[in-house]
Amino acid sequence: MVLKGSQGAGELAGQGSGGVTAYLSHHSGSESAMAFVTEEQIQQFCEDGFLVLEEFFTTEECDAMREQIDKIIAKMDVPPHCRTEFSTDEEEQLQAQGSADYFLTSGDKIRFFFEKGVFDEKGDFLVPKEKSINKIGHALHAYDPIFKQITHSSKVQELGRKLGLEKPVVVQSMYIFKQPGIGGEVRPHQDATFLYTEPLAKVLGLWIALENATQENSCLWFIPGSHTNGITRRMVRAPPGTLPCTHFIGSEQTYQDSQFIPVPIHKGGLILIHGEVVHKSELNSSEWSRHVYTFHLMEAKDTTWSKENWLQPTPELPFPPLYN
C-alpha cells in the first residue's frame, strides 16, 4: 500500500511559465501545510521503505527547476576528455565512472554525465546536447540558488523534523533526465551500497518528480519491505594509485521481477526512499522524458560516513546541514 500526502491529484499536465524570479518571490513563506505527514504515513514508510507524497511541490516550483536546468545546459561546455558515459552495469560503472577522476571529484561540483551512444568516435555529439545528458551532479544543492532553495525549503525541513531527523546533512544531489527513447535502465540497487554509513539506516533519498512519472516513461519500482535485510555489497574506493579507482565488495543479490511494484507519481510529488530499500527503473523507451530532482540526506547524529565511499565531503564543501 502506498499512502499519499494528498488525494485527488489528477493528471498534473501542463508546464506553466513560472520563472526563476517568480519562484524566488513567491515561494519563501507559506510552505509548511504541504509538508503535512501523518503518523500513519510514517509507519507505512517504516514498513515499506518508501513513501509517496503527492503534490509536495507546486507546478511553479517544478517549472522553475526545469527552467534553471535549461540555463545550466545552455552554458555547458564539456571538454572531450571529460565526456563520461553513465552506466549502472557493474563492469562499465567501475571502468567509466570509478576510474574517472571527473566522477570521483564531482561531489563538490556541478558536472555532466551522459547517456550511452551520444558521442561519435571524435567525441562530438550525435544528438542535441540537451538530449544527451543522463544526469547532472552532485552539488546542485550547494551551488545553484534554485536547487539550494528547494533542498532547504521550509517544507523539506519540516518533513525532516516529522521523520525525527535531528542533525540531517545533505550529502549529494542530482538532476536526472531519463531521456525519451534512450534513458538508461537503472538496475536493482540499494542507495546504501554507494552511500554507506555506520550504523546503517541513516541515509534517506528525496525524489522529486518534475513531470508525471508513469510505467510508460519509466517510474520507479520498489520491493516493499526490502530495507529490513541490510545490504549485500558496497562500492568502495580502491587504495590511492590503483585502477580502477573503485570496486565492489560483497555479492550482488538476485531479485525476481515479481517482487517489484511500480510506483507512479504526478508532477510535484515526492518519494521518500530508505537507504536500504531495493528499487530500480527500466529503460525509457517512450517518447516522453521523466525529469527528476533528487537529493540524499544523512542523519549526522551518532553516525560515521564511511571514508571508503566514492563520495567524500571536502574542505570546499563539507556536507551542509539541512536545517537553517
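# A tour from the largest pocket outward

Helix H2 gives the most to the lining of the largest pocket: three residues. Keep in mind that the model is predicted.

**Stop 1: the pocket walls.** Select H2 (39-48), then strand E7 (203-209) and strand E14 (292-299). Each of these elements supplies at least two residues of the lining of the largest pocket.

**Stop 2: the pocket itself.** The volume of the largest pocket is about 290 Å³. Show Phe45, Leu163, Leu165, Ala201 and His274 as sticks; of the 13 lining residues, these are the closest to the pocket centre. Now colour the lining by class. Nine residues are nonpolar, two are polar and two are charged.

**Stop 3: helix H3.** Select residues 59-74, which make up H3. What span should its 16 residues have at 1.5 Å a residue? The expected figure is 22 Å, and the end C-alpha atoms lie 23 Å apart, which agrees. Next, pick out the buried positions in H3. Glu61, Cys62, Asp63, Ala64 and Met65 are buried, and so are Arg66, Gln68, Ile69, Ile72 and Ile73. Charged side chains are on that list too, among them Glu61, Asp63 and Arg66.

**Stop 4: the whole chain.** Zoom out and switch to cartoon. The chain holds eight helices and 15 strands. Of its 324 residues, 55% count as buried. Turn on contacts between residues at least 6 apart in sequence: 84% of them join residues at least 24 apart.

**Stop 5: the surface.** Finish with a surface view. The chain exposes about 14200 Å², and carbon and sulfur atoms supply 52% of that area.

How values were computed. Residues are numbered from 1 along each chain as its sequence is written. This is a predicted model: local features need pLDDT of at least 70, side-chain atom pairs count only at pLDDT 80 or more; totals for chains, interfaces and linings use all residues. Side-chain values use heavy atoms; hydrogens and water are left out. Helices (H or I, at least four residues) and strands (E, at least two) are DSSP runs, numbered from the N terminus. Buried means under 20% relative accessible area, exposed over 50%, partly exposed in between (1.4 Å probe, protein chains only). Contact means heavy atoms within 4.5 Å. Accessible areas come from the Shrake-Rupley method with a 1.4 Å probe; for residues, only the protein chains shown count as cover. On a 1 Å grid over the protein atoms alone, a cavity is a set of points where a 1.4 Å probe fits but cannot get out, and a pocket is an open set with protein on both sides within 12 Å along at least five of seven lines; lining residues have an atom within 4 Å of a point. Grid points are joined across faces, edges and corners, and a volume is the space filled by probe spheres set on the points. The expected span of a helix is 1.5 Å times one less than its number of residues.
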